[in-house]
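Here's a quick tour of one chain, written for someone who likes to see the contacts behind the picture. Have a look at the structure first.

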Amino acid sequence: MFNVENIRKDFPILSRKVNGKPLVYFDNAATSQTPQQVIDVIVDYYSNYNANIHRGVHSLSQEATDKYEQARHKIQKHFNAKFAHEIIFTSGTTHSINLVANGFSSILKKGDEIIVSALEHHSNIVPWQMLCERTGAILKVIPMNLDGELIISDYDQLLSNKTKLVFVNHVSNALGTVNPIEYIIKKAHQVGAAVLIDGAQSCPHIKPDVQALDVDFYVASAHKMCGPTGVGMLYGKESWLKKLPPYQGGGEMIAEVTFEKTTYADLPHKFEAGTPNICGGIAFGAAIDYMNSIGFDNISSYEHELLEYATKKLLEIEGLKIYGISKHKTSVISFNLEGIHPYDVGTILDKMGIAVRTGHHCAQPIMDFYKIPGTVRASFSFYNTLEEIDVLANAVKKAQLMLS
Ligand SMILES: *Cc1c(COP(=O)(O)O)cnc(C)c1O
């Protein structure tokens, strides 16, 4: 049974105070909090079996290697990848995207086209711009509408046999819109293009099945799904991962090295140069276990309740506007108070113990589209409560009085 009060006991940070007030943590889309079950795994690693992996004959190295590879299997199972070696450990979503973008440098030719969406995070725009500069490929953008949804008929128009790659996030971090990725993937494949889906904002809420989606690449960060910072994953279809060249050179990723020629290790090690974030990878596995123990059905239905309640409460405030009103949304609300800068609202909320994000949310093109400098973004997780949303709504009203 889903019981939020019990769940909250798993998160030590939720009982602290900020500026003398109980913490209300509504910045989950930037990073999630860490349950004791994951903290324990991190402490256990450094207390009991910290060692470098894959190259030691000694017991600690074996133990660490086993746990690290078990974590890879957990991630494989969670995403329903066909093979464990299709899961590459990275330092996070940004690293995963750069790895793929770099790999396509040797595949794309001048005049080839890459399609991205207007709803992207900067980390899903800049690597492609850099790739276009290197290869002479052309970047095309699927536009968005005022509700914060992609205009899919325009996507159909952009696709052609010149399209080689399509990159879209599963869920927008700035607005919470869930994009129709099944359709996007199917259509891209019809013209022979590969698809990378940025799952940084979807994985905290839903459990993607990469085989059912038939997606070519899927990426995520542990720290947005109850895991630590500095670790993430790239799923790639085996055929693609074999085709792409290595990203970084170094230890771990080689089969044989001479000064004349180096041959590369098999997957997944070909893409894992150097000592990885061993503890982080193991803790990522523990975070996935933790979230599955709560259950993604429970998580998404409870978070939907939080979203509906917060939307209703906030819209009761006169002069408050919500950006991104798609019917398909995760628990993110981006809003502004008329005539008041989002930064000022965020500062006052912080004084009341409420953590929200203000600014452009690494998605400046979306802010330009709405002609605003930024928004206040409250993003909810399964450990938040309806009472906390009341606290937010009252605090926003207070901020409005103080600032107008
Ligand atoms: C957070 C985020 C990223 C970047 O993730 P990092 O963990 O900072 O690498 C990319 N895309 C989206 C949609 C995000 O929300």
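What follows covers the domains, the contact between them, and a few salt bridges.

## The two domains

Keep in mind that this is a predicted model. The chain splits into domain 1, made of 4-30 plus 295-403, and domain 2, which runs over 39-293. If you take the C-alpha centres of the two domains, they sit 28 Å apart. Each side puts residues into the contact: 35 from domain 1 and 35 from domain 2.

## Where the domains touch

About 2,700 Å² is buried between domain 1 and domain 2, and carbon and sulfur atoms account for 61% of that. On the domain 1 side, Phe296, Thr330 and Ile366 together supply 25% of the area buried against domain 2, more than any other three residues. As for charge pairing, there are 0 salt bridges between the two domains. Polar contacts are another story: 18 residue pairs make them across the domains, counting pairs with both residues at pLDDT 80 or more.

Which elements of domain 1 supply at least two residues each to the side that touches domain 2? They are helix 11 (296-315), strand 14 (332-337) and helix 13 (364-370). Helix 13 gives the largest share, with 6 residues. Sorted by class, that side of domain 1 has 19 nonpolar, 11 polar and 5 charged residues.

## Arg8 and its surroundings

Now zoom in on Arg8, which you'll find in helix 1 (residues 4-9). Its relative accessible area is 16%, and since the cut-off for buried is under 20%, Arg8 counts as buried. Setting aside neighbours within four places in sequence, Arg8 is in contact with Leu14, Tyr383, Asn384, Thr385 and Glu388. With Tyr383, the Arg8 side chain reaches the backbone oxygen at 2.6 Å.

With Glu388, Arg8 forms a salt bridge, the closest N and O atoms being 3.4 Å apart. Glu388 belongs to helix 14 (residues 386-403) and Arg8 to helix 1, so this pair ties together parts that are 380 residues apart in sequence. Glu388 is also buried, because its relative accessibility is 6% and the buried class takes in anything under 20%.

## Other salt bridges

The full tally is 12 salt bridges. One of them joins the side chains of Asp27 and Arg377, at 3.5 Å from N to O. This is another link between distant parts of the chain: Asp27 sits in the loop between strand 3 (24-25) and helix 2 (36-49), while Arg377 is in strand 17 (residues 375-379), 350 residues away. Both Asp27 and Arg377 are buried.

For a pair within a single helix, try Glu238 and Lys242, whose side chains meet in a salt bridge at 3.8 Å, N to O. Both lie in helix 9 (residues 238-243), 4 residues apart, or about one turn of the helix. Is each partner here buried, partly exposed or exposed? Glu238 is partly exposed, because its relative accessible area is 23%, whereas Lys242 counts as exposed at 56% relative accessibility. Finally, salt bridges that share partners join Asp27, Arg357 and Arg377 into one network.

Notes: Residues are numbered from 1 along each chain as its sequence is written. This is a predicted model: local features need pLDDT of at least 70, side-chain atom pairs count only at pLDDT 80 or more; totals for chains, interfaces and linings use all residues. Side-chain values use heavy atoms; hydrogens and water are left out. Buried means under 20% relative accessible area, exposed over 50%, partly exposed in between (1.4 Å probe, protein chains only). A polar contact is a pair of N or O atoms within 3.5 Å; within protein, one must be able to donate a hydrogen and the other to accept it, and residues adjacent in sequence count only if both atoms are side-chain atoms. Contact means heavy atoms within 4.5 Å. Domain bounds come from an automatic or database domain assignment. Buried area is the accessible area (1.4 Å probe) that two parts lose on being put together, summed over both. A salt bridge is a side-chain nitrogen of Lys or Arg within 4 Å of a carboxyl oxygen of Asp or Glu. Ala, Val, Leu, Ile, Met, Phe, Trp, Tyr, Cys and Pro count as nonpolar, Asp, Glu, Lys and Arg as charged, and the others, Gly among them, as polar.
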